[in-house]
Amino acid sequence: MGDAVQQFFAVKAKIAAAEREAGREAATVTLVAVSKTFDAADISPVIEAGQRVFGENRVQEAQGKWPAMKGAFPDIELHLIGPLQSNKAREAVALFDVIETVDREKIAAELAREIARQGRAPKLYVQVNTGSEPQKAGIEPGEAVAFVARCRDVHGLAIEGLMCIPPADENPGPHFALLEKLGKEAGVAKLSMGMSGDYETAIAFGATSVRVGSAIFGGR
């Protein structure tokens, strides 16, 4: 059994322990295995071991490797977890099953257009910049609830959840708590939060999915 497969099982066990610790039902947290920068040869053993939900940062990189793997394993669910440029909306809607990074009006409008054109509707999350970091994508926390409402009412988009990436140098707990609060206010059921270093904390704050890359695949 390869390193990535062993690490995958170790992460799954830690997720199960964190669910128990938080008093949550078993298997309610989805593991999104972040496979960006890894090629099919690295990813395939983890698919063979039973993982079906994967996250990619870039549309172009994902286009190069996932169509064939999705052809071989039709039940794979592919998440876009990196920033989406409006000129890539067409490709993103065609390839991804979940887009977690809706964060501005232009993207919402483009996605609505492509969903109508292609007749394919990926699940959508709004990315919230919980730390108000100027270099980071995501809508400001104070605008998030109104933006979700606009996505629904103006663009006809079914927003399923919220996503955040807390500042690297801060305690993630308050950011996860903020996202949970905003999720309740916005009336969304899903929260994508927590990465390799803090996914157990995120589960304690109500994450419904965690995005784990290096703890499974190793350093890039």
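Which backbone nitrogen does the side chain of Asp97 reach? I looked this up first, in what is a predicted model.

**Entry: Asp97**

I found that the side chain of Asp97 reaches the backbone nitrogen of Leu78, at 2.8 Å. I then placed the residue along the chain: Asp97 sits in the loop that runs between helix H4 (89-95) and strand E4 (98-102). I noted a polar contact between the side chains of Asp97 and Arg120, also listed at 2.8 Å. I set aside the neighbours of Asp97 within four places in sequence and listed its contacts: Lys70, Ile76, Glu77, Leu78, Arg120, Pro122 and Lys123. Leu78 and Arg120 are thus among the residues in contact with Asp97.

**Entry: helix H5**

I checked the length of helix H5, which covers residues 105-118. At 1.5 Å a residue, its 14 residues should span 20 Å, and I found the end C-alpha atoms 20 Å apart, so the two values agree. Next I asked which residues of H5 are buried. They are Ile107, Ala108, Glu110, Leu111, Ala112, Glu114 and Ile115. I followed these buried residues to their partners and found them packing against H4, E4, strand E5 (123-128) and helix H6 (141-153). Just after H5 I came to Gly119, which takes a positive phi of about 65 degrees.

**Entry: cysteines**

How many disulfides does a search of the whole structure find? I got zero. Cys151 is in no disulfide, and the nearest cysteine sulfur, that of Cys164, is 17 Å away. A disulfide needs the two sulfur atoms within 2.5 Å, so this pair does not count as one. Cys164 is likewise in no disulfide, its nearest cysteine sulfur being that of Cys151. I also looked at accessibility. Cys151 counts as buried because its relative accessibility is 0%, and Cys164 is buried with a relative accessible area of 0%.

**Entry: the annotated domain**

I took one feature from UniProt: an unreviewed entry there places "domain: Alanine racemase N-terminal" at residues 20-219. Over residues 20-219 I recorded 42% helix and 18% strand. The end C-alpha atoms of this stretch are 29 Å apart.

**Entry: Gly218**

I located Gly218 in the segment after helix H9 (214-217). What does Gly218 touch, not counting residues up to four places away in sequence? I found Gln7, Phe38 and Gly213. Last, I compared the position of Gly218 with that of Glu114: they are 104 residues apart in sequence, and their C-alpha atoms are 35 Å apart in space. Glu114 is one of the buried residues of H5.

How values were computed: Residues are numbered from 1 along each chain as its sequence is written. This is a predicted model: local features need pLDDT of at least 70, side-chain atom pairs count only at pLDDT 80 or more; totals for chains, interfaces and linings use all residues. Side-chain values use heavy atoms; hydrogens and water are left out. Helices (H or I, at least four residues) and strands (E, at least two) are DSSP runs, numbered from the N terminus. A polar contact is a pair of N or O atoms within 3.5 Å; within protein, one must be able to donate a hydrogen and the other to accept it, and residues adjacent in sequence count only if both atoms are side-chain atoms. Contact means heavy atoms within 4.5 Å. Buried means under 20% relative accessible area, exposed over 50%, partly exposed in between (1.4 Å probe, protein chains only). The expected span of a helix is 1.5 Å times one less than its number of residues. UniProt positions are given in the numbering used here, feature names are shortened, and annotations may be inferred rather than shown by experiment.
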